[in-house]
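Biologist: I should like a close look at one residue of this complex and then at the surroundings in which it is found. Please keep the account to what the model itself shows.

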Amino acid sequence: MSVAGTNGRALPWALVTPALAWTLLFFVLPFIAMGLSSLTAHEGGALTLANYSQFFTNPSYWRAMVNSLEVTATVTVISIVLAYPFAWILAEQVPERWQRLALMLAVLPFWTSYVVRSYSWLLVLAQNGVINRALTSAGLIAEPLQLANTRLATVTGFVHFFVMLLTLTIFANLKQLSPSYRKAAADLGAGPVRTFLHVVLPLTLPGIMVGAFLTVVLCIGDYITPQILGGNNELVMPQLVMMQIGRRGDFPLASALSIILMAVVTVAYLACARWLKIERA
Amino acid sequence: MTVNVRNPLSTLRSGLGAAFAAVALLAAGGAQAADLNALIWCDHSDPALLQPFEEANNVKVNVKEFEGTGAGLAIVDQSQPGDWDVMVIDSIDVPRGIEKGLFEPLPEDKLPFADLFPEVTMDKSTVVDGKRYGITEKFGYNTIGFNKSKVDPADMQSLASLTSDKYKGKIAIYDYYLPVIGMAALAIGKKTADLTEADLPALKAELLKMKANAKLVGEVTASQTALATGEVDILVGGGEWVTAGLAKENPALDFSIPKEGAVLWSQSLAMFKDSKNKDMALKFIQYILSPEGQARLATSACYWGMPSNKKATLTDEQKKILRFDEQPGFLARAQAYPAPNADLDKKMQDMWTEMLQAQ
């Protein structure tokens, strides 16, 4: 009995050990190294909190965090607003046999490189790009609009990506929803709008929040899209981190800024934690 | 008896560093002891440059690209001594490698110093205590790159055009603070070599005026793309390194050395003190500095630039694109990159950050 008991306890540990080892090696240890680095001076290596104080005392650094939060919030809200009806149409209006194909087509842009997709948007939004040419040809504008190298361009590039992500999480949630909820609401006299607002929407909140959390995490930590589409006309946090490394190799300050960014992501996680719990069967 | 006890966190950090360096070296091409391991900029990864050397010496050159001296030195910090043989580095940053004890003095008698443009040997940076640690292999100018079919070339003879209303919204700024701060210094009549902290407010004001006129501030690819696609007509900090490589596709792209001057960029080759393959490292440096190697490096696929060796075997067309024959006049008016100490460097970068964030 005792041998069987030991084996019974050992098996789960044996199964999770690779994942734990992976996490330890590629997250915990690098994180400790980064934390240690953030507490040392760039010149001399003495222990210091100066790298953190710089963030709070330099308005340009602080501005980078504000920009990151503004861009992330905008992207998340727009993505949800666009993704929800899209997911709903896929789940409710598209015939069952076409849903798989429709979903595959919806996520097709995922198959292209992130960098290539960003540069493609740059060409679309450029002064001589598709949009400006179309508007000019139609006589709607006399001079090309500045679309590329703006926050609008950054948000557009992000939204294109995250709408797909949110569509997947919301679609999965909608498909899990039993039709009996809606029938029950109808039996009790609720119209379609009331049913959606008081039954369907609350029950699909977990799908929205999971997608929103992933959007926040990926968006706030992204360097490529703002770098390519934003034109460096304002900096977000990942760009500020990269700036410290390039020429000066100031890894302590880069580490401190990264940890501050991680703290913000942790706050986002805590805000969404209620909906991010894994349900036990 | 003395017992050395290491801080466990330091041990962890150095252990992780060594692991990452090993991965970097593997990524550089599965290095073997007989290979030559080179930390390089993208212009050295052109097969047209490396293959002739590899075939002639029966050696494999493993390259690892990096951007920025800080990133390059970080790779070295995390490597084992002897992992790397040669390094490409900003000439003004050679002292940073010397201070870290990384570089081996180069034998001047075995290198073609007499054939180099004397203005670009950068002895202040590359020679310490009478020993030479770096040799300039390529140079050029951070100046005004422009599309001559869209702007008046006469305007491009003055840095004042960069802040005039005439070109508002038609300008991109190259996103590297040192050369553009150098250009701002020239615009306000300061010498790049004499910049101090007291000059920062005036430099910042000039940078903000440039930013107010600019559509974007972009790294190499972004700024090059913006000029090539017509998104902008002028690139502050541009030069032959942007326009020459695109000359065939877009002959309207050109650069000027304005009356106030331009900022001279220069890249050097250095050999690592702990290289296990010093003979081959020297052969590589000799090859890159040879007339043939210089011509290939100058016209590398990644970016063009002036060869430091006057005898580079460039074709007449290539010389024309690089404006080879005009170099004496250009060099006479060019000033070196600002070479701030660590403290001023940090303040300059913070000033650049403020400029980027300005609306």
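Biologist: Is M122(B) buried or exposed, and how many other C-beta atoms lie within 10 Å?

Modeller: The model is a predicted one, and the values below are computed from it. M122(B) is buried, with 24 other C-beta atoms within 10 Å. The cut-off for this class is 20 or more such atoms, and M122(B) is therefore counted as buried with its 24. The residue belongs to the loop between β4 (103-104) and α5 (123-126) of chain B. Its backbone deserves attention too: M122(B) has a positive phi of about 55°, although it is not a glycine. Most residues other than glycine have a negative phi.

A second residue of chain B helps to place this. N58(B) also has a positive phi, of about 50°, and is likewise not a glycine. It is located in the loop between α2 (47-57) and β2 (61-65) of chain B. The surroundings of N58(B) can be stated in the terms used above: it is exposed, because only 7 other C-beta atoms are within 10 Å, where 12 or fewer is the limit for that class. Thus one positive phi belongs to a buried residue and the other to an exposed one.

From the loops one may turn to the strands of chain B. Strand β3 (residues 86-90) has five of its five residues buried, and so the rest of the structure largely encloses it. On one side of the pairing, strand β1 (residues 36-40) is joined to β3(B) by two bridges, and the two run parallel. In that pair, A38(B) has V86(B) as its bridge partner. β3(B) also pairs with β12(B), in the antiparallel sense and over five bridges. Here V86(B) is matched with M271(B) in β12(B). V86(B) consequently appears in both pairings, since its partners are A38(B) and M271(B), within a strand that is buried at five of five positions.

Strand β10 (residues 234-238) of chain B can be described in a similar way. It is mostly covered, with five of its five residues buried. Four bridges connect it with β7 (residues 135-147), in an antiparallel arrangement, and three connect it with β8 (residues 171-174), in a parallel one. The residue to follow in this strand is V236(B): it is the bridge partner of I144(B), and I173(B) stands opposite it as well. Beyond residues up to four places away in sequence, V236(B) touches eight listed residues, which include those two together with L162(B), I171(B), Y174(B), V180(B), M183(B) and M210(B).

These two valines meet again in the nonpolar interior. In soluble globular proteins, nonpolar side chains tend to be buried together. The largest nonpolar core has 149 residues, and V86(B) and V236(B) have the most contacts inside it. The greatest contribution to this core comes from α7(A), which gives eleven residues. The core also takes at least three residues from each of domain 1 (17-139 + 265-331) and domain 2 (141-264 + 335-357) of chain B.

Helix α7 (residues 151-176) of chain A has 26 residues, for which 1.5 Å a residue predicts a span of 38 Å; its end C-alpha atoms lie 37 Å apart, in agreement with that value. The helix nevertheless has a kink of about 25°, centred on V159(A).

The domains of chain B supply the wider frame. The C-alpha centres of domain 1 and domain 2 of chain B are 26 Å apart, and twelve residues of domain 1 are in contact with 14 residues of domain 2. On the domain 1 side of this contact, β12 (262-272) and α12 (316-322) of chain B each supply at least two residues. β12(B) therefore has two roles in this account, as a partner of β3(B) and as a contributor to the side of domain 1 that touches domain 2.

Between the chains, 29 residues of chain A are in contact with 29 residues of chain B. On the chain A side, α1 (2-38), α3 (59-93) and α12 (237-245) each supply at least two residues, and α1(A) gives the most, with five.

Technical notes: Residues are numbered from 1 along each chain as its sequence is written. Chains are lettered from A and ligands numbered from 1 in the order in which they are written. This is a predicted model: local features need pLDDT of at least 70, side-chain atom pairs count only at pLDDT 80 or more; totals for chains, interfaces and linings use all residues. The expected span of a helix is 1.5 Å times one less than its number of residues. The bend at a residue is the angle between axes fitted to the seven residues ending there and the seven starting there. A nonpolar core is a set of buried Ala, Val, Leu, Ile, Met, Phe, Trp, Tyr and Cys residues joined through C-beta atoms within 7 Å. Domain bounds come from an automatic or database domain assignment. Two residues are in contact if their C-beta atoms, placed from the backbone, lie within 7 Å.
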